[in-house]
Amino acid sequence: GRWALVTNYREGIPRDSQAPSRGGLVMRALQDRSPPLGCAASIAPDGARYHGYNLLVGDRSAAAYTSNRASGAISLGAGIHGLSNHLLDTPWPKLVRSKPRLADALDGPELDVFAAFALLADRAIADDAALPMTGLSRQRERMLSSAFIVSPDYGTRCSTLFTLSRDGNATFVERSFDAAGLMTGEVAHTFAVAERAPSLAPAG
C-alpha cells in the first residue's frame, strides 16, 4: 500500500551533471518500511545531493511531505493539498484553479474520473500579474502556468489518476500524449491493497 511521487522544484539554476536522479527518491520511499512521516524525515538529510525536489509518500493511513528546498518533513492532514514545482500548497495559479475543481470531482461516492481528467487537461494560461518568478523568462513562465503544458520542446506527456480507498481498493489510470498534446493511449489497472503483514519479533 505504499505510494510515492516526486516533482522537481523550479528555480532556474544550472544543472549539475553529477547530481543523482530524483527518481531514486521514489524507489527509496517505496522500499522503506517505516511510517510515511518517518520515511520522509529519513530522506530529508540527504537532500543537498539532489537538484530541487518535492517528495510525497503515503500509505492507506497517512501521508507525508518533504522538500530539499524546505526543512524537515511534515505529516499531511485531511483535506485537499496541491503540489506543483514549488513548495506544497504554494498558491500558483494552476493550483488555485485546480483545488476547488478537485473538490467538486470528489463530491460524490467516488472520484468523478471525467472531471478529474478535465482538470488535468486545463490549458488556461495565467495572467502575467499572477505568474511566479522562478528565474525563467516571462514567456516561459507563461507557457508553464497551465496545468496541461504544450510547447515544441517541453510539455505534458502523461496525466495520471491514482485513488486508494479506505477499503484498500486502488485504481490507476494514465493517459499519454504526444508533443502536440494529442492523446496517444490510456492504461488502467485496479487492484486490492493487502494489509501490511505484522513485523516479526526477534526470537529470544
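What pattern does the protein chain follow, read along the sequence? The pattern is β-α-α-β-β-β-α-α-α-β-β-β, built from five helices and seven strands. The radius of gyration is 18 Å, close to the 17 Å that the globule rule gives for 204 residues, so the chain is as compact as a globular protein of that length. Keep in mind that this is a predicted model.

**The chain overall**

- Along its principal axes, the C-alpha trace spans about 65 × 40 × 30 Å.
- Buried residues account for 34% of the 204 residues.
- Take the contacts between residues at least 6 apart in sequence: 47% of them join residues at least 24 apart.
- The accessible surface adds up to about 12100 Å², and 57% of that belongs to carbon and sulfur atoms.
- On the charge side, there are 21 positive and 20 negative charges, and their mean positions sit 5 Å apart.

**Helix H2: Pro36 and Leu37**

- Helix H2 covers residues 36–43, with Pro36 in it, and Leu37 is found in H2 too.
- These sequence neighbours get different burial labels: Pro36 counts as buried because its relative accessibility is 3%, under the 20% cut-off, whereas Leu37, at 38%, counts as partly exposed because that value falls between 20% and 50%.
- Setting aside neighbours within four places in sequence, Pro36 is in contact with Arg2, Val57, Gly58, Asp59, Ala62, Ala63 and Ala64.
- With the same neighbours left out, Leu37 is in contact with Ala64, Ala73, Ile74 and Ser75.
- Ala64 turns up on both lists, touching Pro36 as well as Leu37.
- Ser75 is a contact of Leu37, and its C-alpha is 7.9 Å from that of Pro36, with the two positions 39 residues apart in sequence numbering.
- Leu37 and Thr66 are 29 residues apart along the chain, and their C-alpha atoms are separated by 8.9 Å.

**Into and along helix H3**

- Asp89 lies in the loop between strand E4 (73–75) and H3.
- The phi angle of Asp89 is near 65°, a positive value in a residue other than glycine.
- Asp89 counts as partly exposed, at 29% relative accessibility.
- How far apart are the end C-alpha atoms of helix H3? They are 19 Å apart, which agrees with the 18 Å that 13 residues (93–105) should span at 1.5 Å a residue.
- The buried residues of H3 are Pro93, Lys94, Leu95, Ser98 and Ala105.
- Those buried residues pack against two other helices, H4 (113–120) and H5 (138–144).

**Helix H5 and the loop after it**

- Arg140 is found in H5 and counts as partly exposed, with 28% relative accessibility.
- Not counting residues up to four places away in sequence, Arg140 touches Asp153 and Tyr154.
- Arg140 and Gly181 are 41 residues apart along the chain, with 17 Å between their C-alpha atoms.
- Ser146 is found in the loop between H5 and strand E5 (158–164).
- Is Ser146 buried or exposed? At 2% relative accessibility, Ser146 counts as buried.
- Leaving out neighbours within four places in sequence, Ser146 is in contact with Lys94, Asp122, Arg123, Ala124 and Ile125.
- Lys94 links this loop back to H3: it is a contact of Ser146 and one of the buried residues of H3.

**Strand E7: Phe191**

- Phe191 is found in strand E7, which runs over residues 183–192.
- Phe191 is partly exposed, and its relative accessible area is 41%.
- Which residues is Phe191 in contact with, leaving aside its neighbours within four places in sequence? They are Phe162, Gly168, Asn169 and Ala170.
- Phe191 and Ala180 are 11 residues apart along the chain, and their C-alpha atoms are separated by 32 Å.

Definitions and conventions:
Residues numbered from 1 in each chain as written. Predicted model: local features only at pLDDT ≥ 70, side-chain atom pairs only at ≥ 80, totals over all residues. Heavy atoms only, no water. Helix = DSSP H or I, 4+ residues; strand = E, 2+ residues; numbered from the N terminus. Expected span 1.5 Å × (residues − 1). Buried < 20%, exposed > 50% of the residue type's maximum accessible area, 1.4 Å probe, protein only. Contact = heavy atoms within 4.5 Å. Rg over C-alpha atoms; globule rule 2.2 N^0.38 Å. Areas by Shrake-Rupley, 256 points an atom, 1.4 Å probe, with all protein chains shown as cover. Lys, Arg positive; Asp, Glu negative; His and termini not counted. Charge placed at Lys NZ, Arg CZ, Asp CG, Glu CD.
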